[in-house]
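Let's take a friendly look at how a protein surrounds its ligands. Keep the sequence and the 3D view at hand as you read.

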Amino acid sequence: MNILQCKLLVIGAGPGGYVCAIRAGRMGVDTVIVDAGPLGGTCLNVGCIPSKALIHAAEQFHTAQRFTGDTPLGIRLPTGPTIDLAKTVEWKNGNVGKLNSGVGALLKGAGVKVLFGQAAFRDGKTVEVATPDGLQQVEAETIVIATGSRPVDLPSLPFGGNVISSTEALALTDVPKRLSVVGGGYIGLELGTAFAKLGSKVTVVEAGPRILPQYDAELTAPVAKRLEALGAEVLTDALARDMVTRSKLRISGDGADHDIPSDKVLVTVGRAPQLTGLKLDELSLAMDGPFIRIDDQCRTSMRGVFAIGDVTGEPMLAHRAMAQGEMVAGIVAGETLQWDSTCIPAVCFTDPEIVTAGFGPQDVDEAAVTVSRFPFLANGKALTAEAQDGFVRVLARKDNQQIIGIQAVGHGVSELSAAFSMAIEMQARLQDLAATIYAHPTQSEALQEAALKGLGRAIHI
Ligand code: FAD
Ligand code: NAD
């Protein structure tokens with residue numbers, strides 16, 4: 001068997017792993033990265049990027065369709081659009097391919113050796129990789145586990161046939177006439193909304209009392225309203241049971257069973273750490289439930305073994321994985337670093353979009369915190385973009401006006417997320433946000449107005 005020695009071995013080339021390897025390589029650390037699949041991991045191949053491509057295509061299709069009716073904009077198309085989903089998927093795959101090669105070029109430029117194949121631990125310093133050319137043994141001073149996550153199914157509703165995960169949903173070449181979505185969380189609603197815009201009759205089956213239960217009801221209400229306008233049916237307090245026939249999903253809710261005709265059933269009830277085949281039991285690492293336990297430097301319970309990204313649990317977000325990867329690379333290169341980010345922003349790319357950063361009203365004692373909201377209804381740019389639904393909400397401490405949370409729901413608010421997290425990370429106060437000059441007309445003015453409102457002096461409301 002071939003033996004390769006290196007200072008750092010990164011297992012998994014998703015956003016956590018590849019960022020770690022590129023940074024380490026650039027800092028002069030002799031680095032090897034291994035992946036069983038294509039570079040870029042879940043995020044680039046079957047997650048963030050393809051889902052946003054589909055969401056974009058669906059939005060374009062829906063807009064064109066809207067113009068076949070009467071619109072206040074005065075635009076009228078003589079006939080409705082058609083969609084060749086196979087072509088859309090080809091376009092999406094083209095984008096993914098470009099980014100795959102980009103990651104490969106960056107790794108090469110950083111002097112990182114890339115191995116393709118399934119990795120399995122022999123011990124805390126040795127890993128075997130089953131490459132297409134045979135077994136390759138890698139001996140490393142430090143190992144980073146960045147193996148990510150995989151979709152979970154339900155025991156009574158296993159993946160297969162018409163029951164699909166997000167991976168298959170992103171590769172469909174025909175729009176399903178009737179799509180049932182089990183789980184009204186991030187993935188279910190992002191993809192469910194896209195397919196509703198593409199013409200599927202969508203039914204969302206959510207176990208909780210409302211969609212996106214991780215967000216507060218005020219933030220999710222505009223999303224629920226939009227789903228209804230798109231003709232999607234949302235069933236809450238409902239549990240998916242099984243397929244009674246190939247195209248009939250049985251659910252229980254309202255104290256009874258119901259059957260939902262479904263050409264495809266998309267199951268999006270969360271994700272589990274990807275540890276299959278890794279032989280992690282060789283290391284006996286301390287775990288947090290199914291996830292690998294880490295400290296504030298992403299160290300596991302074994303010296304010289306780090307873990308980053310989805311394999312370490314929630315929040316399972318690409319930018320968290322990347323930030324962890326960058327930090328670990330620095331530690332391996334000899335820097336003294338630890339995780340001290342105050343907030344990890346989260347964006348749900350529904351229609352409208354939701355952004356959260358820092359604490360929300362449900363996390364704080366409202367007696368000690370000022371919560372101020374500014375509606376997009378009173379924002380000129382939002383009005384001209386037909387984006388009046390939604391608001392920006394700012395939470396600040398009453399004693400010193402320090403911003404501790406900012407959230408928004410509205411069209412295109414994902415692009416405000418940088419300002420939100422920057423304000424919190426830089427310990428800005430309401431006065432800082434209020435005194436900043438915001439370009440007009442932009443939706444970001446709603447952030448200033450929400451801060452001004454917190455100070456009791458909003459102008460446009
Ligand atoms: P992953 O990206 O999962 O990468 C892990 C890599 O490890 C994979 O390439 C895998 O092949 C490899 N691997 C696993 N085991 C082995 C082994 N034994 N040997 C060799 N290689 C192995 N997050 C966001 O922040 N924004 C979004 O908009 C967003 N949208 C999403 C949409 C969907 C449909 C999905 C499914 C996820 C989305 N996410 C989003 C979540 C995001 O994709 C993950 O948080 C992110 O990919 C985690 O990165 P990671 O590096 O930890 O792992
Ligand atoms: P999720 O945790 O967001 O949502 C799962 C939903 O399924 C929950 O609302 C839950 O109540 C519901 N559920 C669970 N069991 C059920 C059952 N038996 N019947 C009906 N409903 C049931 O999980 P997800 O949507 O699969 O996403 C997984 C992870 O991927 C998320 O944690 C997120 O971090 C990440 N992600 C992020 C983005 C983004 O950042 N925009 C997008 C997609 C995915």
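What follows describes the surroundings of ligand 1 and then those of ligand 2.

This is a predicted model, in which local features need pLDDT of at least 70, side-chain atom pairs count only at pLDDT 80 or more, and totals for chains, interfaces and linings use all residues. Residues are numbered from 1 along each chain as its sequence is written, chains are lettered from A and ligands numbered from 1 in the order in which they are written, and side-chain values use heavy atoms, leaving out hydrogens and water.

Around ligand 1 there are 38 residues (a residue is near if one of its heavy atoms lies within 4 Å). D35, T42, K52, A119 and D310 come nearest. By class, this shell holds 17 nonpolar, 17 polar and four charged residues. Helix α2 gives the most to it, with four residues.

Ligand 2 has 25 residues around it, and I187, E190, E206, M316 and V347 come nearest. Its shell has 15 nonpolar, six polar and four charged residues. Here α6 gives the most, with three residues.

The table lists polar contacts (pairs of N or O atoms within 3.5 Å).

| Ligand oxygen | Partner | Distance |
|---|---|---|
| ligand 1 | D35 side chain | 2.6 Å |
| ligand 1 | A318 backbone | 2.9 Å |
| ligand 1 | H319 side chain | 3.4 Å |
| ligand 2 | E206 side chain | 2.6 Å |
| ligand 2 | G270 backbone | 2.9 Å |
| ligand 2 | E314 side chain | 2.9 Å |

Notes:
Polar contact = N/O pair within 3.5 Å; in protein donor to acceptor, adjacent residues only side chain to side chain. Helix = DSSP H or I, 4+ residues; strand = E, 2+ residues; numbered from the N terminus. Nonpolar A, V, L, I, M, F, W, Y, C, P; charged D, E, K, R; others polar.
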